[in-house]
Every structure is written in C-alpha cells, then in structure tokens.
Amino acid sequence: MKILGLIPARGGSKGVPDKNIKLIDGKPLIAYTIEAAKESKLLTKIVVSTDSNKIIDIVKKYHCNYLKRSSKNAQDTSTIEPVIFEVLDQLKSDFDIIVLLQPTAPIREGKDIDEVIKLFIENKKLECVVSVVELNDIHPARMYNLDESFKMLPLNKNLEKRRRQDLPSVFLRNGAIYAVKVSEFLKDKTLIRENKKAYVMPESKWLNIDTPRDLLFAEVMIKEWKMQKKDA
C-alpha cells in the first residue's frame, strides 16, 4: 500500500501566533511531528502542507517535503478536507491511505503511526482509524449545560452521582493520528468516517496545543515524555 503522512501546518493562529514553530523544550513544535513521521517504517511519503514561509524554512532544516497551501485553505474558518484534496491534487499520485498528523498534538511516536497503519493491513474493510485516550476524572458524568439562570443540567443525569470507579469508560480524540482509506474519503469528502476504529493511546500522550496555557503544559509534558522514552 502507498501511504501518505500528511502534516497540516497553517501559519496563522489567533490563539497562539506562530504556534507551529514555537520552541518547546528547545525545538520547534512542528519538528516533533516530522520526527515521529520519519520514525515510521510504513509511511511511503511525508509532506507538510503550509502557507507559511517561516514554517517552510523549518521544514527544510528537518529535511522534509512540503507543499505550499493556497490562501483559501489557510483561513481560520478552513476545514481539513479541502486541504487534503489540495495535497492529493498537487502530488498527482495515488495513495491508498492518508495518515493525518497534526503538529499541535506532538506526543506520538513512529511506532504509534505504524500500529495504526497495521490495522488497515489486517482489516481490508477498515475505513478510518482515530487515536483516542481514555478519560477518567474528566468524564461526561461530571459535565453540565447551564440554562439562562445558570441552573446546572447534567449531560447524563443517571451517571451524575456515581463514583469515578463505577463510571463506564469513555474515550476522547487526542488529535495525534487520523487515518483514512483514500477511496472512502473520496466518496463523501469526510476525514472521520462513520465506520471507524479507535487506536487507544495512554493519557501521557494527550496534549493539544491551542492556547498559551497549553504551551505551558507542553513544556513540562514533552520533557517528561522524553525522559520516559529514554528510560524505555
């Protein structure tokens, strides 16, 4: 199978300007995703899609391929599906699977990417795989809607008063890996398919960087992750 590792890295970000190239423990944020993709033994090609010359300069330093993204697909309101179509059109090559690797979820390894790809190899009917982490204290049973008077309306009234140990397992997309069979993606232009399977990652690999507060967490979490890798 021909498998494309796609790293989408838009230059503009209102929450954290130049987010994808912020230094985290001495390294640009996007570098962690490029390195993980290069660790993979099963990706056929790795490409960064970006509209930013600053990002391109860093991508070149890490010896990775890149494609210049159109301005219409680099807006705050842009969705990922048109970006994927643009990349496929630019590459003029047929791929069987696309593995989307967001730089803002930097804690993953090449072996995680390969484990996701193996799921497609083992199951020819599989359409989509999404990486997730199990939630514990952060659980829908602890979440509420508020009405106009700030009255608390539990998302699940039946679970609201249960002990944490008695709550059913729930899982959250951690943003690290999205993989889709190209033939299925082209049918209705949707990355996350109805027929999808989870790739469960440990909570230690749950990091999404969208705010300045997230950047503070990132520094600590990435240092800890590096130590765990070194001790493994």
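Here's a quick tour of the charged pairs, the buried interior and a few unusual backbone angles in this structure. Keep in mind that the model is predicted. The whole structure holds 16 salt bridges, and its largest nonpolar core has 32 residues. A second, separate core has 18 residues.

**Salt bridges**

- Side chains of opposite charge can pair when their charged atoms come close.
- K92 and D89 are one such pair, with a side-chain N to O distance of 3.2 Å. K92 is exposed at 65% relative accessible area, while D89 is partly exposed at 49%.
- K111 and E109 also form a salt bridge, this one at 3.7 Å from N to O. Here K111 is exposed, at 54% relative accessibility, but E109 is buried at 12%.
- D188 and R193 make a salt bridge too, and their closest N and O atoms are 2.3 Å apart. D188 is partly exposed at 43%, whereas R193 is buried at 9%.
- That pair belongs to a bigger picture: E127, E184, K187, D188 and R193 are joined into one network by salt bridges that share partners.

**R69, a buried charge without a salt bridge**

- R69 sits in the loop between β5 (65–68) and α3 (80–91).
- What is the nearest side chain of opposite charge to R69? That would be E86, at 5.0 Å, and R69 has no salt bridge even though this arginine is buried. The cut-off for a salt bridge is 4 Å between a Lys or Arg nitrogen and a carboxyl oxygen, so a pair at that distance doesn't count.
- R69 does have a polar neighbour: a polar atom of its side chain lies 3.0 Å from the backbone oxygen of S49.
- Beyond residues within four places in sequence, the contacts of R69 are P8, A9, R10, S49, T50, D51, A74, V83 and E86.

**Helix α3**

- Two of the R69 contacts, V83 and E86, are also among the buried residues of α3. The full buried set in this helix is E81, V83, I84, E86, V87, L88 and L91.
- An α-helix has 3.6 residues a turn, so residues three or four places apart point the same way.
- The buried residues of α3 pack against the strands β1 (3–8), β4 (45–50), β5 and β6 (97–100), and against the helix α5 (182–188).
- The length of α3 checks out: its 12 residues should span 16 Å at 1.5 Å a residue, and the end C-alpha atoms are 17 Å apart, which agrees.
- K92, the salt-bridge partner of D89, follows α3 and has a positive phi near 50 degrees.

**Nonpolar cores and the helices α1 and α4**

- In the 32-residue core, the members that touch the most others are I7, I30, L43, V48, V99, I113 and V129.
- Helix α4 gives the most to this core, with five residues.
- I113 reaches well along the sequence: leaving out neighbours within four places, I113 is in contact with A36, A37, S40, L43, V99, L101, R108 and I177.
- The second core includes V87, V130, V182 and F185. V87 is also one of the buried residues of α3.
- Helix α1 (residues 29–39) is mostly covered, with eight of its 11 residues buried. Those are L29, I30, A31, Y32, T33, I34, A36 and A37.

**D112, a buried residue in α4**

- D112 is in helix α4 (residues 110–122). Is D112 buried or exposed? D112 is buried, at 4% relative accessibility.
- D112 and Y199 are 87 residues apart along the chain, yet their C-alpha atoms are separated by 8.6 Å.
- Outside its neighbours within four places in sequence, D112 touches I177, Y199, M201 and K205.

**Positive phi angles**

- Most residues other than glycine have a negative phi.
- F150 goes the other way, with a phi near 70 degrees. F150 lies in the loop between β8 (144–146) and β9 (152–154) and is exposed at 63% relative accessibility.
- K189 isn't a glycine either, and its phi is positive at about 60 degrees. You'll find K189 in the loop between α5 and β11 (196–201).

Technical notes. Residues are numbered from 1 along each chain as its sequence is written. This is a predicted model: local features need pLDDT of at least 70, side-chain atom pairs count only at pLDDT 80 or more; totals for chains, interfaces and linings use all residues. Side-chain values use heavy atoms; hydrogens and water are left out. Buried means under 20% relative accessible area, exposed over 50%, partly exposed in between (1.4 Å probe, protein chains only). Helices (H or I, at least four residues) and strands (E, at least two) are DSSP runs, numbered from the N terminus. Lys and Arg count as positive and Asp and Glu as negative; His and the chain ends are not counted. A polar contact is a pair of N or O atoms within 3.5 Å; within protein, one must be able to donate a hydrogen and the other to accept it, and residues adjacent in sequence count only if both atoms are side-chain atoms. Contact means heavy atoms within 4.5 Å. The expected span of a helix is 1.5 Å times one less than its number of residues. A nonpolar core is a set of buried Ala, Val, Leu, Ile, Met, Phe, Trp, Tyr and Cys residues joined through side-chain atoms within 4.5 Å.
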